[in-house]
Amino acid sequence: MATSPPASFLGIPRELRLQIYEELQEQNLECKVLKKWRGGHDSRGFYATPIRDPEARLIIPWLSLLLSCRAIAAEMQSWIRNQAQAQGDDKHSTYIMETDLGGQESQDMGNVIWQRIPCAPTSAKVLLVHCYTDTRNSFWGDGGPLNIVRSMYQTLNLFLHCGPRLNPEKPLQDGHLHLRELVIHMHLRQGALRSTRADGSTARRDAYTEMCGRISLILRHMGVLSGSFERVRITDGEEEYEFLIDSSRPFDGVVSDHLKRYGFDWGVGGARASKSGLMSL
């Protein structure tokens, strides 16, 4: 009696395999790579330390399948390239991150969660960050930027220099990532906050306008994103603010001592680490 050949992934119809690739790429990861940031101050100035989740494991289903054998890897890589060319959009090259920017009770950055990683870091074109915060949340105090600003800044720093694991002990070997666009989507829990001026016109002042104003000013003034992004968009779903990054003068890696004292170091050593901050995924 003839026996049937053992079942295998490559044995199913190609059309079904391509559907599986699509499903795996679009699967939400829900991976919390950082639990929070912890601020501090010492003789060198202010700093922010990333606190990792000891239970977190960054498992990317499509990557696990791709690494299973060479035949699957070749077919899957070819499919990814063809999809990017055929669709003409950034669906398969957009990294999606989610984070909590705190509120009135917590003036610091909370969970940093990866929702989607559809390609290798070197193939990524867009970093989309969903930021959830209270409408009245402020990022600035009487003495300058609060620790939440350093936390946001250093999260971006770690991603560009260490990849999606955000682990300063495992920096990228090729320097830093280069993407086309950074998109910051602000989700205000109480909606937009507007006031009426004496002349009858309205003015808006809330967490979204602070992000467009003070935070974007830091990034543009320092020039740290030159060579890493080409443009930055900040939106709340209704309004949008955009600015281009001057790529004619790539950032040379030098940060002034004044900015370093505020915790705005740049590069792998920018985020100071403690034992709790270096737990591996």
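How many cavities of 30 Å³ or more does the count come to? In this predicted model, the tally is one. Before turning to that cavity, a quick look at the chain that surrounds it helps.

The protein chain has 281 residues, and 47% of them are buried. Its secondary structure adds up to six helices and twelve strands. Taken along the principal axes, the C-alpha atoms fill a box of roughly 90 × 50 × 40 Å. Contacts lean on residues far apart in sequence: among those with a separation of 6 or more, 72% join residues 24 or more positions apart. On the outside, the chain exposes about 14800 Å², with carbon and sulfur atoms supplying 50% of that area.

Back to the inside. The largest cavity holds about 260 Å³ of space. Its lining takes in 18 residues, and those closest to the centre are Met 152, Tyr 153, Leu 156, Leu 182 and Ile 184. Which element hands over the largest share of this lining? That would be helix 4, with five residues. Helix 4 spans 147-162, and it is joined by strand 3 (94-100), strand 5 (126-133), strand 8 (181-188) and helix 5 (207-222), each of these elements giving at least two residues to the lining. As for chemistry, 16 of the lining residues are nonpolar and two are polar, while charged residues are absent.

Next come the pockets. The largest pocket contains about 490 Å³ of space. There are 24 residues along its lining, with Leu 63, Tyr 95, Ala 120, Pro 121 and Pro 164 closest to the centre. Helix 2, which covers residues 61-66, gives the most here, though that amounts to three residues. Sorted by class, the lining of the largest pocket has 15 nonpolar residues, six polar ones and three that are charged.

The second largest pocket comes in at about 300 Å³. It is lined by 15 residues, and Ile 80, Arg 81, Cys 119, Ala 120 and Ser 123 sit nearest its centre. Ala 120 thus turns up in both pockets, being among the residues closest to the centre of the largest pocket and among those nearest the centre of the second largest. Two elements, helix 2 and helix 3 (70-87), give two or more residues to the lining of the second largest pocket. Helix 3 has the largest share, with four residues. The class breakdown for this pocket reads eight nonpolar, four polar and three charged.

What about the cysteines? A search of the whole structure turns up zero disulfides. Why is Cys 131 without a bond to Cys 212? The closest cysteine sulfur to that of Cys 131 is the one in Cys 212, but it lies 11 Å away, which is too far for a bond; a disulfide would need the two sulfur atoms within 2.5 Å. Seen from the other side, Cys 212 is in no disulfide either, and its nearest cysteine sulfur is that of Cys 131. Are these two cysteines buried or exposed? Cys 131 has a relative accessibility of 4%, so it counts as buried, given that the cut-off is under 20%. Cys 212, at 12% relative accessibility, also counts as buried.

Technical notes
Residues are numbered from 1 along each chain as its sequence is written. This is a predicted model: local features need pLDDT of at least 70, side-chain atom pairs count only at pLDDT 80 or more; totals for chains, interfaces and linings use all residues. Side-chain values use heavy atoms; hydrogens and water are left out. On a 1 Å grid over the protein atoms alone, a cavity is a set of points where a 1.4 Å probe fits but cannot get out, and a pocket is an open set with protein on both sides within 12 Å along at least five of seven lines; lining residues have an atom within 4 Å of a point. Grid points are joined across faces, edges and corners, and a volume is the space filled by probe spheres set on the points. Ala, Val, Leu, Ile, Met, Phe, Trp, Tyr, Cys and Pro count as nonpolar, Asp, Glu, Lys and Arg as charged, and the others, Gly among them, as polar. Buried means under 20% relative accessible area, exposed over 50%, partly exposed in between (1.4 Å probe, protein chains only). Contact means heavy atoms within 4.5 Å. Accessible areas come from the Shrake-Rupley method with a 1.4 Å probe; for residues, only the protein chains shown count as cover.
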